[in-house]
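This briefing sets out selected computed features of one protein structure for use in modelling work. The topics are ring contacts, strand pairing, internal space and backbone geometry.

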Amino acid sequence: MEEEGARPLFSFGVIADIQYADIDDGYNFVCTRRRYYRHSLKLLRRASDSWKSESPRPSFVLQLGDIIDGFNKKHDASRKALDAVLRELNNDGAAAVHHVWGNHEFYNFSREELSASALNSKGVCGAEEGAAGDSYWYDFSPAPRFRFVVLDAYDVSVIGRQERSERYGQALRLLLEHNDNEELNNPPARPGLEQRFVKFNGGFSQDQLQWLDRLLTISDEKHEKVTIVSHLPVHPSSSDPICLAWNYDEVLSVLHSHKCVVCFMAGHDHDGGYHKDFYGIHYLTFEGVIETPPEQDAFGTVYVYEDKMILKGHGRVASRILQYL
């Protein structure tokens with residue numbers, strides 16, 4: 001789906017919610033959606049083969065989180081499952097991969113373990129160090145006047161944080177203020193956007209938002225086009241409310257105060273979603289591999305031009321033209 005007669009400046013692959021586990025098919029938390037745990041590795045292989053067949057190959061791949069499923073932890077298979085997925089992603093000179101951390105990363109590993117693993121991609125493709133300690137956010141520029149930002153949507157969370165930590169306490173207080181269920185993975189009784197206050201979501205710390213604001217100010221000055229990625233969606237019209245980041249509104253406030261932001265990409269909501277807002281920002285939520293039937297696909301390749309990005313979707317992922325304002 002490249003623009004006829006014009007060569008893109010560069011391209012990149014996108015895939016979300018692989019959630020591989022070497023177990024039989026199952027269902028989601030509320031037992032309404034089938035999950036193809038073992039098959040997800042085959043779908044990833046098809047995506048990887050597709051990217052490798054392109055000429056030129058994509059400059060990098062965005063893996064939007066939940067690379068393996070939490071069931072692996074119960075079977076003491078987290079390392080084995082991760083190795084299997086990384087072999088597919090890194091096979092035969094494949095493009096560099098930028099990894100986003102989602103809730104299933106934290107079901108399998110501690111932050112310390114993730115920081116020391118191949119899922120810490122801060123050093124990939126000249127990425128700039130962003131977060132200090134075990135928080136995980138950074139940016140990189142694959143080409144002049146284009147910048148990508150990887151955010152940590154579980155920086156404030158009750159998963160992946162030590163119970164004695166300040167951010168765990170902050171997250172628990174927020175959850176209990178909005179969700180009175182004994183099982184905090186069940187959404188509050190109140191409808192609408194309150195549904196987002198569940199344990200499997202999280203939020204962005206003030207430190208992270210301040211860093212993002214400073215970075216986008218610099219990108220404004222450089223006239224860069226910025227794409228931001230996170231496991232959790234941040235626009236209510238691009239996702240089911242139950243999958244939104246807790247403080248999505250604070251993120252939107254930062255994005256809307258800068259002219260450089262052109263796109264926000266996320267996973268988590270396996271049904272996917274899309275919205276273009278008043279400011280011209282495209283919010284793409286990618287369909288999850290884990291709930292994609294064996295005969296279908298769920299990945300995309302994005303071709304980047306001076307005035308737009310063109311998403312060539314495969315299977316459940318729709319193709320789109322993402323025009324810049």
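A charge is taken to sit over a ring if NZ of Lys or CZ of Arg is within 6 Å of the ring centre and within 35 degrees of the ring normal. Lys 308 lies over the face of Tyr 305 in this sense, at 5.4 Å from the ring centre. The model is predicted, and every value below is computed from it.

**Aromatic contacts**

- The count of aromatic pairs comes to 18.
- One of these pairs is formed by Trp 51 and Phe 299, with 5.6 Å centre to centre and 80 degrees between the planes. Planes over 60 degrees apart count as edge-to-face, so the pair of Trp 51 and Phe 299 is edge-to-face.
- Trp 51 belongs to helix H1 (residues 39–53) and Phe 299 to strand E13 (residues 298–304), so their contact ties together parts that are 248 residues apart in sequence.
- Both partners fall under the 20% limit for buried residues: Trp 51 is buried at a relative accessible area of 5%, and Phe 299 is buried at 3%.
- Ring pairs also link a cluster made up of Phe 10, Phe 12, Phe 60, Trp 101, Phe 106, Tyr 136, Tyr 138, Phe 140, Phe 146, Phe 148 and Tyr 154.

**Strand pairing and hairpins**

- Strand E14 (residues 308–315) and strand E15 (residues 320–323) run antiparallel and are joined by four bridges.
- E14 and E15 form a hairpin, with four residues between them.
- Lys 308, the residue placed over the ring of Tyr 305, stands opposite Gln 323 in E15.
- Strand E7 (residues 138–143) pairs with strand E8 (residues 146–150) in the antiparallel sense, again over four bridges.
- Within the pairing of E7 and E8, Asp 139 has Val 149 in E8 as its bridge partner.
- The hairpin of E7 and E8 has two residues between the strands, and Arg 145 in the turn has a positive phi of about 75 degrees.

**The largest pocket**

- The space in the largest pocket is about 830 Å³.
- Its lining is made up of 31 residues, and those that lie nearest the pocket centre are Asn 28, Phe 29, Val 30, Arg 35 and Phe 200.
- Helix H2 (71–74) and helix H4 (103–108) are the elements that give two or more residues to the lining of the largest pocket.
- By class, the lining of the largest pocket holds ten nonpolar, ten polar and eleven charged residues.

**The enclosed cavity**

- The count of cavities of 30 Å³ or more comes to one.
- About 70 Å³ of space lies in the largest cavity.
- The cavity is lined by Ser 48, Trp 51, Lys 52, Arg 57, Pro 58, Val 61, Leu 89, Ala 94, Ala 95 and Val 97. Trp 51 thus appears both in this lining and in the aromatic pair with Phe 299.
- H1 gives the most to the lining of the largest cavity, with three residues.
- The lining of the largest cavity divides into seven nonpolar, one polar and two charged residues.
- Lys 52, one of the lining residues, is 9.4 Å from Asn 91, C-alpha to C-alpha, and the two are 39 residues apart in sequence.
- Asn 91 is found in the loop between helix H3 (78–89) and strand E5 (96–99). At a relative accessible area of 37%, Asn 91 is partly exposed.

**Backbone features in loops**

- Ser 55 and Pro 56 are joined by a cis peptide bond, with omega at about -5 degrees. Pro 56 is placed in the loop between H1 and strand E4 (60–63).
- Asp 17 is a residue other than glycine with a positive phi, near 50 degrees. The position of Asp 17 is in the loop between strand E1 (10–15) and strand E2 (26–27), and this residue is buried, with a relative accessible area of 0%.
- Asp 66 likewise has a positive phi, near 60 degrees, in a residue other than glycine. The loop that holds Asp 66 runs between E4 and H2, and Asp 66 counts as buried at 1% relative accessibility.

Methods. Residues numbered from 1 in each chain as written. Predicted model: local features only at pLDDT ≥ 70, side-chain atom pairs only at ≥ 80, totals over all residues. Heavy atoms only, no water. Phe/Tyr/Trp six-rings, centres within 6.5 Å; stacked < 30°, edge-to-face > 60°. Buried < 20%, exposed > 50% of the residue type's maximum accessible area, 1.4 Å probe, protein only. Pairing = 2+ DSSP bridges. 1 Å grid on protein atoms, 1.4 Å probe; cavity = no way out; pocket = protein on both sides within 12 Å on 5 of 7 lines; lining within 4 Å. Points joined across faces, edges and corners; volume = space filled by probe spheres on them. Nonpolar A, V, L, I, M, F, W, Y, C, P; charged D, E, K, R; others polar.
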